[in-house]
Amino acid sequence: MAKLQPVRGTHDLLGEDARRHRHVVETALATAARYGFSEIQTPIFEFTEVFARTLGETSDVVSKEMYSFTDRGGETITLRPEGTAGVARALISGGLTQDLPLKLFYQGPMFRYERPQKGRQRQFHQIGVELLGVPAPQADIEVITVGADILDALGIFDGVVLELNTLGDTESREAYRTALVDYLIGHKDGLSEDSLRRLEVNPLRILDSKDEGDRAIVANAPSFGDYLNAASQDFYGTVKAGLEAVGVPYRQNDRLVRGLDYYCHTAYEFVTDRLGAQGTVMAGGRYDGLVEMMGGPSTPGVGWAAGIERIAMMIEAPAAPARPVAVIPVGEEAAIAAIKLSHDLRKAGIAVEMGYSGNLGKRMKRANKLGASHAVILGETELENGVATVRDLDSGTQTEIALGKIGDHLKAEV
RNA sequence: GCGGGUGUAGCUCAGCUGGUUAGAGCGCCAGAUUGUGGAUCUGGAGGUCGUGGGUUCAAGACCCAUCACUCGCCCCA
């Protein structure tokens, strides 16, 4: 470390960036609240097992991207790489299965040891929702709809496309998986190196390979739709009908898959072409097997997560904070009076800036730079008369106003 | 983890085929203006040219390594 610098893939957030970030979180939380979601904050670290068990030992996230360490008590701990596992753990350990159905919203930092890129950092932030305890497709519809509504509230819905697919129930998925592997083994010679590896680990993933050779083979592969049993078809049909009813457009994407075993039925992603290689803005699916896999009672669930940084890059800049009023003392005597006046005005709900040094000219200059709407000048002559000079910095006009009435005057002006 | 690009002041960048004291604009500080800002003018601060090696009489420029950012792959939000 030659120079003091932030750890690779981490960033400081300030000014407009911080405002964008906050705006995403607040908009999402407020929107989700209208759908009955309430916030849950789970710890930033969990026992490593929580993630290893749920994400699968073979997944990239678990096998090479986790920030894991042994703490001073000898426990194996991992900084959370995603939010669902922690929520599922909380459901089990907190006995929340008594309160089903549950609609939870979360937000916060996640950690993955990945190569940083635009829209991909090692510490990144997600918002997400989980709807637990509802086996019916109405839950899927509601979860996708709240996501769409959030993107709409953030003004980026027109920059995004909802891609939708179904993985069917376990029976359908196993049947398809077998058929797909049989087919792919027959074309083994033409598959890319990556896909040969996927064939072992996660064959469904080959469906969305970007390799041209793979694509040619995949084009003639058996179709998932042919392997869906009646129940799975019904389920998916209801989800689609629901989305149509609420007017959320979607694009069927047969190649959209989820790697992990506990995913079933609905899989979806809101994607964009505005962020380069990082096209996925919000993604999720149904995970009926997850809670049981973690050792809890069989509990269906559906949810999504979205990258705050990615969304923050897409939205319009949020409104800047309200313009402050600059309180300017002139001379020693006025200093304390100015502190009191500032305090009173702030108590009255007005944003006040009062510099720490400088003469009137310098303070005026600073007030201008801060974008102050008014300067409230408090000098000896004003003090004697119990007034302050209130100058409108846009028009340049100024009047003397009694100290007790300044708050009201300023509020009336704005 | 793999492949490509970039790295000069707080910011955006210039710096010719290596040549002597590294520049501009914006921003910052100060003064013109010791109770009145925005404009203008004047002056000033700020750079081990990402870092470490190497080649050369001479390196910001060339070579190697390394760090960071960036684009794509992998994976994913």
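With which side chain does the side chain of His-374 make a polar contact? The partner is the side chain of Glu-413, at 3.0 Å. Keep in mind as you look that this is a predicted model. Let us start from this histidine and then walk through the rest of the structure.

His-374 sits in strand E14, which covers residues 374-378. Its relative accessible area is 4%, so it counts as buried, the cut-off being under 20%. Leaving out residues up to four places away in sequence, His-374 touches Pro-324, Val-325, Ala-326, Val-390, Arg-391, Asp-392, Leu-393, Leu-410 and Glu-413.

One of those neighbours, Ala-326, makes a good next stop. Ala-326 belongs to strand E12, residues 325-329. With a relative accessibility of 4%, Ala-326 is buried. Apart from residues within four places in sequence, Ala-326 is in contact with Glu-353, Ala-367, Ala-372, His-374, Ala-375 and Val-376. You can also try a distance here: Gly-396 is 70 residues from Ala-326 along the chain, and the C-alpha atoms of the two are separated by 14 Å.

Now turn to another strand, E7, at residues 161-166. Five of its six residues are buried, so the rest of the structure largely encloses E7. What does E7 pair with? Strand E9 (residues 264-271) pairs with E7 in the antiparallel sense, over six bridges. Strand E8 (residues 251-252) pairs with E7 in the parallel sense, over two bridges. Leu-164 is a handy residue for seeing both pairings: its bridge partner in E9 is Tyr-268, and its bridge partner in E8 is Gln-252.

Next come the nonpolar cores. In soluble globular proteins, nonpolar side chains tend to be buried together. Here the largest nonpolar core has 43 residues, and Leu-132, Leu-180 and Leu-184 are those with the most contacts inside it. Several elements supply at least two residues each to this core, among them helix H2 (48-55), helix H4 (84-93), strand E5 (102-111) and helix H6 (170-186). The largest share, five residues, comes from H4. To get a feel for the surroundings of Leu-132, look for the residues it touches beyond four places in sequence, including Val-87, Leu-91, Leu-104, Tyr-287 and Val-291. There is also a second, separate core of 41 residues, which includes Ala-139, Leu-151, Leu-164 and Phe-235. So we meet Leu-164 again, the residue whose bridge partner in E9 is Tyr-268.

Finally, let us look at RNA strand B. It is surrounded by 47 residues, the closest being Arg-112, Arg-120, Thr-280, Glu-382 and Leu-393. You have already met Leu-393, among the residues that His-374 touches. How do the residues of the surface near RNA strand B divide into nonpolar, polar and charged? There are 11 nonpolar, 15 polar and 21 charged residues. Helix H13 (360-369) is among the elements that each supply at least two residues of this surface, and H13 gives the largest share, six residues.

Which parts of the RNA face the protein? Of the atoms of RNA strand B within 4 Å of the protein, 55% belong to sugar or phosphate and the rest to bases. Three side chains illustrate both kinds of partner. An N or O atom in the side chain of Lys-369 is 2.7 Å from a phosphate oxygen. For Asn-368, such a side-chain atom is 2.8 Å from a base nitrogen, and for Gln-398 one is 3.1 Å from a base oxygen.

Terms used: Residues numbered from 1 in each chain as written. Chains lettered and ligands numbered in written order. Predicted model: local features only at pLDDT ≥ 70, side-chain atom pairs only at ≥ 80, totals over all residues. Heavy atoms only, no water. Buried < 20%, exposed > 50% of the residue type's maximum accessible area, 1.4 Å probe, protein only. Helix = DSSP H or I, 4+ residues; strand = E, 2+ residues; numbered from the N terminus. Pairing = 2+ DSSP bridges. Near = heavy atom within 4 Å. Polar contact = N/O pair within 3.5 Å; in protein donor to acceptor, adjacent residues only side chain to side chain. Nonpolar A, V, L, I, M, F, W, Y, C, P; charged D, E, K, R; others polar. Core = buried A, V, L, I, M, F, W, Y, C linked by side-chain atoms within 4.5 Å. Contact = heavy atoms within 4.5 Å.
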